[in-house]
Amino acid sequence: MNIAKWMIPKVLTAHLREDSTVRQGLEVFKKHGYTAVPVLDEGGHYIGCVTEGDFLWHLLSTGTTDLKAHERRSIGSIIRRDFCPALGIDAADEVVKDAMMNQNFVPIVDDRGALCGILTRKRYMEYLATKADS
């Protein structure tokens with residue numbers, strides 16, 4: 001599979017930095033309606049995803065929905081780094097298939113671990129459909 005052809009490039013993908021505030025993260029989720037967003041370090045390397053559930057647990061632990069209060073905490077403090085593992089841009093078809101069966105999207109990274117984009121389940125199904133037609 002040519003992942004680069006089927007993935008959504010980083011420039012078209014919502015993502016957060018680990019030093020973004022929780023408030024900024026909540027605003028990104030509200031704007032786009034996503035359930036999970038990739039998180040990058042300051043060098044653009046993929047470090048994990050933050051989910052709606054991560055925000056919910058954070059809100060419950062702080063006991064407030066006041067957005068000002070969430071400007072003091074960073075995304076890095078609520079992210080689960082082992083959630084939504086990334087694949088290399090040259091991942092084998094079988095590896096991609098296994099990942100797509102377990103995740104709504106898969107972050108795609110280059111050899112340095114920098115985010116290149118995401119492969120969504122929809123895009124993967126489109127790939128499978130074109131492969132079946134040929």
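**Notes on a predicted model: two sheets, a pocket and some single residues**

1. Helix H5, which covers residues 121–133, lies across strands S1 and S7, and its direction makes an angle of about 70° with that of S7. Please keep in mind while reading that this is a predicted model, and that the points below describe the model as it stands.

2. The strands beneath helix H5 belong to an open sheet, and a useful place to begin is its order: S1-S7-S6-S5, which makes 4 strands with mixed pairing. Why is one side of S1 and of S5 left without a neighbour in the sheet? Strand S1 (8–9) and strand S5 (87–88) stand at the edges and have a single partner strand each, so there is nothing in the sheet to flank the other side of either one.

3. The partner of S1 deserves a closer look, since S1 and strand S7 (residues 115–120) are joined by 2 bridges and pair in the antiparallel sense. Within this part of the sheet, Ile8 has Ile118 of S7 standing opposite, and Ile118 will return below in the discussion of the largest pocket.

4. Trp6 gives a second view of this region, for this residue is found in helix H1, made of residues 3–6. Is Trp6 buried or exposed? Its relative accessibility is 15%, and because buried means under 20%, Trp6 counts as buried. Apart from neighbours within four places in sequence, the residues in contact with Trp6 are Met1, Leu119, Arg123, Glu126, Tyr127 and Thr130. One of these, Arg123, is 117 residues away from Trp6 along the chain, yet the C-alpha atoms of the two are separated by 6.2 Å.

5. The other sheet to examine is an open one of 3 strands, in the order S2-S3-S4, and here too the pairing is mixed. Strand S2 (16–17) and S4 are the edge strands, each of them pairing on one side only. The two pairings can be read one after the other: S2 and S3 run parallel, with 2 bridges between them, whereas S3 and S4 run antiparallel and are joined by 5 bridges.

6. Leu40 helps to tie these three strands together on paper, because the reader can follow it in both directions: Arg17 stands opposite Leu40 in S3, and Leu40 in turn stands opposite Tyr46 in S4. Strands S3 and S4 form a hairpin with 5 residues between the strands, and in this hairpin Gly44 takes a positive phi near 85°.

7. How many residues of S3 and of S4 are buried? For strand S4 (residues 46–51) the count is 6 of 6, and for S3 it is 5 of 5, and both strands are described as mostly covered. The side chains of S3 divide into two groups, with Ala36, Pro38 and Leu40 pointing one way and Val37 and Val39 the other way, and all of them are buried.

8. The largest pocket has a volume of about 330 Å³. It is lined by 16 residues, of which Thr35, Ala36, Asn104, Phe105 and Ile118 are the closest to its centre. Strand S3 (36–40) and S7 are the elements that give two or more residues to this lining. Sorted by class, the lining holds 9 nonpolar, 6 polar and 1 charged residues.

9. Cys84 is a residue to check by eye, as it lies in the loop between helix H3 (52–62) and S5. Most residues other than glycine have a negative phi. The phi of Cys84, by contrast, is positive, with a value near 65°. With a relative accessibility of 6%, Cys84 counts as buried.

10. Asp111 offers a contrasting case in another loop, the one between strand S6 (105–109) and S7. Its relative accessibility is 79%, and because exposed means over 50%, Asp111 counts as exposed. Asp111 and Ile89 are 22 residues apart along the chain, and their C-alpha atoms are separated by 8.0 Å.

Terms used: Residues are numbered from 1 along each chain as its sequence is written. This is a predicted model: local features need pLDDT of at least 70, side-chain atom pairs count only at pLDDT 80 or more; totals for chains, interfaces and linings use all residues. Side-chain values use heavy atoms; hydrogens and water are left out. Two strands pair if DSSP finds at least two bridges between them. Contact means heavy atoms within 4.5 Å. Axes are lines fitted to C-alpha atoms, for helices over the stretch in contact, and angles run from 0 to 180 degrees between N-to-C directions. On a 1 Å grid over the protein atoms alone, a cavity is a set of points where a 1.4 Å probe fits but cannot get out, and a pocket is an open set with protein on both sides within 12 Å along at least five of seven lines; lining residues have an atom within 4 Å of a point. Grid points are joined across faces, edges and corners, and a volume is the space filled by probe spheres set on the points. Ala, Val, Leu, Ile, Met, Phe, Trp, Tyr, Cys and Pro count as nonpolar, Asp, Glu, Lys and Arg as charged, and the others, Gly among them, as polar. Buried means under 20% relative accessible area, exposed over 50%, partly exposed in between (1.4 Å probe, protein chains only).
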